[in-house]
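The exercises below ask you to read a structure step by step, moving from contacts with nucleic acid to the way in which two chains meet. Try each task yourself before you turn to its solution.

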There are 2 protein chains.
Amino acid sequence: MLISVNFECRYFIMDYSLSFKVNEHIYLRDPEGTELGKQIIKHAIELIYEIGFEHFTFKKLALEMNTTEASIYRYFTNKHRLLLYILNWYWSYMEYLVVVQLEPIQDIRAKLERVVELFTHELPERVGQSDYNKNRLHQIVISESSKVYLVKEVKEINENEVFKPYKDLCARISDLIKTYQPNYPFPHSLSTTLIETAHSQLFFSTYLPKLTDVQDLPKPGFVEQYLKDLVFKALV
Amino acid sequence: MLISVNFECRYFIMDYSLSFKVNEHIYLRDPEGTELGKQIIKHAIELIYEIGFEHFTFKKLALEMNTTEASIYRYFTNKHRLLLYILNWYWSYMEYLVVVQLEPIQDIRAKLERVVELFTHELPERVGQSDYNKNRLHQIVISESSKVYLVKEVKEINENEVFKPYKDLCARISDLIKTYQPNYPFPHSLSTTLIETAHSQLFFSTYLPKLTDVQDLPKPGFVEQYLKDLVFKALV
DNA sequence: TTTTAAATAATAGTATTACTATTCAATATA
DNA sequence: TATATTGAATAGTAATACTATTATTTAAAA
C-alpha cells in the first residue's frame, strides 16, 4: 500500500539502481518483482515505440518476447493499464530528475530554465541505471501520454491515485514558479501547460511543422526557445 | 478535388444553411450527399460523446440508428476517419467563427480576446443552422481531437492535406498575432498552444483539477482568464 | 416503355483482438 | 515427504474490425 513515497529521501539512496515504486492499483502483479515482469515493461516500450499504442496488443508483445498473451494478462488487466504504468514510471523519473538536477543550481531563474530543458531535450541516458531505453520512452510519452487520461473512465481511474506522480511533478514545478514569482496566479496550470506544450510542439515540429514556427528557426532547440520565452514572459 | 476553399467568399453566401466541404480523401462516400450520411455524422457525435472514442464502434452506431455496420463502412473506412471528418468540420467551423465574429471588432487586442473566448467558451448554438449538437461536438473536440494526429500513421494521413483546416485556422490566428505584435517570433506555435491548451486545461479543470489552479479561482471563465493572461504577456 | 446500368444498403461471413477459465509445472512451506 | 502457493501455458469465448457477395432501388439508355 505504499502510495506516497518520500522521494527526496529515496533519490540518493537509490541513485545507482533506479527503481520507482508504482501505485499497486495499476497492476495485478508487480512487474518489478519478477524477471518476466521487467521484460514485459522493457519490450512494451520497444513495441509501442515501433508500432504505436493503437496497433500494440498483448498478443504481439507476447510473440515478440517468446511468452504467451495470458502471462502478460497476469500482470496487467489491459494495455491501457500497462501504458499507465509506464507513464507513472516516467513522471516519477522526471520528478527525480527535477530534484536532482536543480539541486546544485543556485539561481531560481536558472532552475526554471533547466526545467524547460529537461522537458524539451532527449532524456539523459545514463542518469540512473534503469533498463529502459530513455529516448524511446520519451517518444512514447510525446505521442501516447495523453491517451491515459483522455478516456471516458478518467474519474474512476483517478480515484486510485494513479495520476499522483503527475500531480506531484506538477506541484514541484509549481512550487518553483511560486518562489520565482509569488504573485503569479496560475502556477499549476503553467506547469501542465509547460509539460503538455513541450510534448505537442515536439510532435508538431516533426510531423505537422506548419502548426509551429520551426521552419523559420533552427530545429534543435526550437521548442526550448519557444517555451523559455513563453514561461518567463508569463512570470514577469 | 476541392481542397482549398476560399472561405471569405463562402461564409456570407452560406450563412444560413452552414455546410463545409470536407476533403474528399477522408471519406469513401460524401456523408453530406445522402440522408443516411448526414445521420451517420449526427449520431456519431452523440454516441462518441456518450461512450467515448475507444468504446465507439460502427456496430454500436449502426444499432443506435437502425442501419447496418456495412452501410457505415461504405462512407468511412474506419472510425478514425469518421473522427477526422468531424474534426475537419469543427476546424472549418471555428475558422468561420473567427472570421465572422472578429469582423465587426475594430481593436486588434479585442479581436484576440474574442479568439480566446471562442476557444474557451461553449460554442454558440445558433450561428449557422447546422444539424449538429455544438456542445457535444465541443466536448468531443476537448477529449478526442488529439487522437486524430497522435497516431503512427500521421505522415501518410497528412499527405492528403486532411489537416489543412487546422493549419488554416492556425494561420489565421497567427496573422492576427503578427498584426498585434509584428516582432513576436512564434505566432503559429502560440496559436496551436492556445487551442491545445484550451482543450487540455478545460479537461483538467473538470477531471484532474489539481493539475490546474481552478480550485483557487471561479470555475467558469478560469481557462479564459489563464489563457488571456498567458497570450497577452507573451505578446508584450 | 422496357432494358440496362449504376448506386445504395443489407446479409453473411472471416480474421483479429481482448479477455478468461482451467490446467500444468515449479517452488516454498509445514 | 506431503501440501499449499505461485507462476505461466493451453485452450478456449465474445466482441471488434473489416470484406465479399447479394439484394434492392434508382436512374439512364434503347
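## Exercise 1: the surroundings of DNA strand C

Task: in this predicted model, find which residues come nearest to DNA strand C, and work out which part of the strand they meet.

Solution. Begin with the list of neighbours: 16 residues lie around DNA strand C, and those that come nearest are A:Thr57, B:Arg29, B:Thr67, B:Ser71 and B:Tyr75. Next, turn to the strand itself, where sugar and phosphate make up 59% of the atoms that come within 4 Å of the protein.

Then look at individual phosphate oxygens of DNA strand C, taking one residue at a time. B:Ser71 places a polar side-chain atom 2.3 Å from a phosphate oxygen, B:Arg29 places one at 2.5 Å from a phosphate oxygen, and for B:Thr68 the corresponding distance is 3.2 Å. Now ask which elements carry the surface: those that give two or more residues to it are α4 (69-73) of chain A and α4 (69-73) of chain B. Of these, α4(A) provides the largest share, which is three residues. Finally, sort the residues of this surface by class, and you obtain five nonpolar, six polar and five charged residues.

## Exercise 2: the surroundings of DNA strand D

Task: repeat the analysis for DNA strand D, and find which side chain comes close to a base nitrogen of that strand.

Solution. As a starting point, 16 residues surround DNA strand D, and the closest are A:Arg29, A:Thr67, A:Ser71, A:Tyr75 and B:Thr57. Among the atoms of DNA strand D within 4 Å of the protein, 62% belong to sugar or phosphate, while the rest belong to bases.

The next step is to examine single contacts. A polar side-chain atom of A:Tyr75 is found 2.7 Å from a phosphate oxygen of DNA strand D, and a polar side-chain atom of A:Thr68 is found 3.3 Å from a phosphate oxygen of that strand. The base contact belongs to B:Glu69, whose side chain has an N or O atom 3.0 Å from a base nitrogen of DNA strand D. Two elements give two or more residues to the surface near this strand, namely α4 of chain A and α4 of chain B, and α4(B) gives the most, with three residues. Divided by class, the surface near DNA strand D holds five nonpolar, six polar and five charged residues.

## Exercise 3: the interface between chain A and chain B

Task: describe how chain A and chain B touch, stating what area is buried and which element of chain A gives the most to its side.

Solution. Count the residues to begin with: 51 residues of chain A are in contact with 51 residues of chain B. The area buried between the two chains is about 4400 Å², and carbon and sulfur atoms give 64% of it. On the side of chain A, the residues that lose the most area to chain B are A:Leu150, A:Phe186 and A:Leu211, which together account for 15% of what that side buries.

Next, consider the polar part of the interface, where there are 23 residue pairs in polar contact but zero salt bridges. Several helices of chain A each supply at least two residues to the side that touches chain B, among them α2 (35-51), α9 (164-180) and α11 (222-234). The element that gives the most is α10(A), with 12 residues. By class, this side of chain A has 25 nonpolar, 13 polar and 13 charged residues.

## Exercise 4: the relation between the two copies

Task: decide what kind of axis relates chain A to chain B.

Solution. A rotation of 180 degrees, with 0.0 Å of shift along its axis, superposes chain A on chain B with an RMSD of 0.0 Å. This is the relation of a two-fold axis. In chain A, the C-alpha nearest the axis belongs to A:Lys233 and lies 2.9 Å from it. As a last step, compare the two sides: 100% of the interface residues of chain A are also interface residues in chain B, so the copies meet through the same surface.

Technical notes. Residues are numbered from 1 along each chain as its sequence is written. Chains are lettered from A and ligands numbered from 1 in the order in which they are written. This is a predicted model: local features need pLDDT of at least 70, side-chain atom pairs count only at pLDDT 80 or more; totals for chains, interfaces and linings use all residues. Side-chain values use heavy atoms; hydrogens and water are left out. A residue is near a molecule or strand if one of its heavy atoms lies within 4 Å of it. A polar contact is a pair of N or O atoms within 3.5 Å; within protein, one must be able to donate a hydrogen and the other to accept it, and residues adjacent in sequence count only if both atoms are side-chain atoms. Helices (H or I, at least four residues) and strands (E, at least two) are DSSP runs, numbered from the N terminus. Ala, Val, Leu, Ile, Met, Phe, Trp, Tyr, Cys and Pro count as nonpolar, Asp, Glu, Lys and Arg as charged, and the others, Gly among them, as polar. Contact means heavy atoms within 4.5 Å. Buried area is the accessible area (1.4 Å probe) that two parts lose on being put together, summed over both. A salt bridge is a side-chain nitrogen of Lys or Arg within 4 Å of a carboxyl oxygen of Asp or Glu. Copies are superposed by least squares on the C-alpha atoms of residues with pLDDT of at least 70 in both.
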